[in-house]
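Trainee: I have a model open and want to read its side-chain contacts. Can we take them one at a time?

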Amino acid sequence: MQERNWENLPAVMDLQETARFLGVGYRTVLRLAHRQGFPALRLGKKFLVNRDLLRVWLEREMGKQGR
């Protein structure tokens, strides 16, 4: 698996950038953005994802998988 370089990411990303970084499809991230708990903010029709909150969310989700 490719190492994620969080520091090179912008502090706030749109869904396309988030999908590219995570290596998943845009529609997958769009579905996640509609879920409660995912670190996305909706502004009109656009979603923005906070880099640092995304990292925390991923670590939490990965911890759930390990149980």
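Mentor: Gladly. Keep in mind that this is a predicted model.

Trainee: Glutamate 59 and arginine 55 both sit in helix α3. What separates them along the helix?

Mentor: Glutamate 59 and arginine 55 form a salt bridge, with the closest N and O atoms 3.8 Å apart. An α-helix has 3.6 residues a turn, so residues three or four places apart point the same way. Glutamate 59 and arginine 55 are four residues apart in α3 (residues 51-65), so what separates them is about one helical turn.

Trainee: Is arginine 55 buried, partly exposed or exposed?

Mentor: Buried means under 20% relative accessible area, and exposed means over 50%. Arginine 55 has a relative accessible area of 33%, so arginine 55 is partly exposed.

Trainee: Which residues are linked with Arg55 in a network of salt bridges?

Mentor: Start from the pair we know: glutamate 59 bridges to arginine 55. The network also takes in a residue from outside that pair. The residues linked with Arg55 are Glu59 and Glu7.

Trainee: Lysine 64 also forms a salt bridge in α3. Which residue is its partner?

Mentor: The partner lies three residues away in helix α3, about one helical turn. The N to O distance is 3.3 Å. Lysine 64 is partly exposed at 46% relative accessibility, while the partner is buried at 18%. That partner is glutamate 61.

Trainee: Arginine 51 and aspartate 52 meet in a salt bridge too. Which of the two is buried?

Mentor: Their N to O distance is 3.2 Å. Aspartate 52 has a relative accessible area of 45%, which makes it partly exposed. The other residue has 18%, under the 20% limit for buried. The buried one is arginine 51.

Trainee: How many salt bridges does the count come to?

Mentor: A pair counts if a side-chain nitrogen of Lys or Arg lies within 4 Å of a carboxyl oxygen of Asp or Glu. By this rule the count comes to four.

Trainee: What does arginine 51 touch, leaving out residues up to four places away in sequence?

Mentor: Arginine 51 lies in helix α3. With close sequence neighbours set aside, the contacts of arginine 51 are Trp6, Glu7, Leu9, Pro10, Ala11 and Met13.

Trainee: Which residue caps the N-terminal end of α3?

Mentor: Look for a side-chain oxygen 2.9 Å from the backbone nitrogen of aspartate 52. That oxygen belongs to the capping residue, asparagine 50.

Trainee: How far apart are the end C-alpha atoms of α3?

Mentor: Work out what to expect. The helix has 15 residues, and at 1.5 Å a residue they should span 21 Å. The model agrees: the end C-alpha atoms are 21 Å apart.

Trainee: Arg51, Leu54, Trp57, Leu58 and Glu61 are buried in α3. Within what arc do the buried residues fall?

Mentor: Look down the axis of α3. The buried residues line one face of the helix, because they fall within an arc of 115 degrees.

Trainee: What covers the buried residues of α3?

Mentor: Other helices and strands are part of the cover. It includes β1, α1, α2 and β3 (46-50).

Trainee: Now the rings. How many aromatic pairs does the structure hold, and how are tryptophan 6 and phenylalanine 21 arranged?

Mentor: The structure holds two aromatic pairs. In this one, the ring centres are 4.9 Å apart and the planes meet at 65 degrees. Planes over 60 degrees apart count as edge-to-face. So the arrangement of tryptophan 6 and phenylalanine 21 is edge-to-face.

Trainee: How many residues apart in sequence are the parts this pair ties together?

Mentor: Tryptophan 6 lies in the segment before β1 (12-14), and phenylalanine 21 lies in helix α1 (residues 15-22). Therefore the pair ties together parts that are 15 residues apart in sequence.

Trainee: Are tryptophan 6 and phenylalanine 21 buried or exposed?

Mentor: Tryptophan 6 has 9% relative accessibility, and phenylalanine 21 has 12%. Under 20% counts as buried. Both rings' residues are therefore buried.

Trainee: How are the rings of phenylalanine 38 and tryptophan 57 arranged?

Mentor: Their centres lie 4.8 Å apart, and their planes are at 80 degrees. So this pair is edge-to-face.

How values were computed. Residues numbered from 1 in each chain as written. Predicted model: local features only at pLDDT ≥ 70, side-chain atom pairs only at ≥ 80, totals over all residues. Heavy atoms only, no water. Buried < 20%, exposed > 50% of the residue type's maximum accessible area, 1.4 Å probe, protein only. Helix = DSSP H or I, 4+ residues; strand = E, 2+ residues; numbered from the N terminus. Phe/Tyr/Trp six-rings, centres within 6.5 Å; stacked < 30°, edge-to-face > 60°. Expected span 1.5 Å × (residues − 1). Arc of directions from axis to C-beta. Contact = heavy atoms within 4.5 Å. Polar contact = N/O pair within 3.5 Å; in protein donor to acceptor, adjacent residues only side chain to side chain.
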